Amino acid sequence: MKKQRSIIMADNTYFSAAADIVIRHENQKCPKRRFSTFDLSNVSCDNGSIVAVATDFLAKFCPDLLEILARNDDRDRLIKIGRTVNSSLRYCEEVSSRETEGVSPPRSNGTEGEEIGNEVEADGALRRLVKECQMLAKILTKPTKVPTTRFGRTEIDMPIVNVGCMRFQQSWNRGGGVPVKSADQLAKDCQSNVVDILKHAINCGVTHIETAQMYGCSELQIGLALKQLFDEGF
């Protein structure tokens, strides 16, 4: 029987590796500074470094997904993974600081006299990230049919998950960005990406597509993508 790696590990494998990677990319001289100072906002000048952190993290723990993302030039996914790595380390540091300052009491794992180590907690979060990345690599390598269930009292079978399209948009159509109101404003690579994602989802049996007016130009792009798929006989 294959031995399972416990979430609570004495050596904090994932935390230690992530901290070393972040420190290296921040060019920090102090080896004890084991958290991220990168700007993790949506529009960040540190995105290049955040992508580099994600690339090194995946190279160590999930090279299959890294190869897929590199082949598809999926920088957005790398940024999200890099943010998760950095924010896990930052959370660990902030909790430690609050406990040191007496703002928050030490947490217990339920056993008297035993406290949860912040590094152990962050390691658990990073472990879950690795598992998610491994699952995503399998899904992207070979489409997996999503199970269906009956929708309410109808006889309609619906997939148990849907395609959430909040991020399927070139513009939020609010704030300081340029609003997108027509097809001729759409970037070709952006719209092609939407079409490719919908094709993959449908191949996996996910035919429930969710969008909303508040998702910027998502409705416009989804409508155009579906028309293209219908016209192609997909």
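This tour of a predicted model goes first to an aromatic cluster and then to a pocket.

Begin by selecting Tyr14, Phe57 and Phe61, which together form one aromatic cluster, and show their side chains as sticks. The count of aromatic pairs comes to two. For Tyr14 and Phe61, the ring centres are 4.8 Å apart and the planes stand at 55°, so this pair is tilted. Colour helix H1 (residues 13-26), where Tyr14 lies, and helix H2 (residues 47-61), where Phe61 lies, and you will see that the pair ties together parts that are 47 residues apart in sequence.

Keep Phe61 selected and turn to Phe57, whose ring centre is 5.0 Å from that of Phe61, with the planes at 55°, so that this pair is tilted as well. Phe57 and Phe61 are four residues apart in helix H2, and are therefore separated by about one helical turn.

Next, switch on a surface around these rings. Tyr14, at 8% relative accessibility, counts as buried, and Phe61, at 15%, counts as buried too, while Phe57 is likewise buried. Then add Lys60, which lies over the face of Phe61, at 5.8 Å from the ring centre.

Now move to the largest pocket, which has a volume of about 2200 Å³. To centre the view there, select Asp74, Asp76, Arg77, Lys80 and Ile197, which lie nearest the pocket centre among its 45 lining residues. Two or more lining residues come from each of helix H3 (63-71), helix H4 (75-100), helix H5 (118-141), strand S3 (163-164) and helix H6 (188-203). Colouring the lining by class separates 22 nonpolar, 11 polar and 12 charged residues.

Terms used. Residues are numbered from 1 along each chain as its sequence is written. This is a predicted model: local features need pLDDT of at least 70, side-chain atom pairs count only at pLDDT 80 or more; totals for chains, interfaces and linings use all residues. Side-chain values use heavy atoms; hydrogens and water are left out. On a 1 Å grid over the protein atoms alone, a cavity is a set of points where a 1.4 Å probe fits but cannot get out, and a pocket is an open set with protein on both sides within 12 Å along at least five of seven lines; lining residues have an atom within 4 Å of a point. Grid points are joined across faces, edges and corners, and a volume is the space filled by probe spheres set on the points. Ala, Val, Leu, Ile, Met, Phe, Trp, Tyr, Cys and Pro count as nonpolar, Asp, Glu, Lys and Arg as charged, and the others, Gly among them, as polar. Rings of Phe, Tyr and Trp (its six-membered ring) pair if their centres lie within 6.5 Å; planes under 30 degrees apart count as stacked, over 60 as edge-to-face and the rest as tilted. Buried means under 20% relative accessible area, exposed over 50%, partly exposed in between (1.4 Å probe, protein chains only). A charge sits over a ring if NZ of Lys or CZ of Arg is within 6 Å of the ring centre and within 35 degrees of the ring normal.
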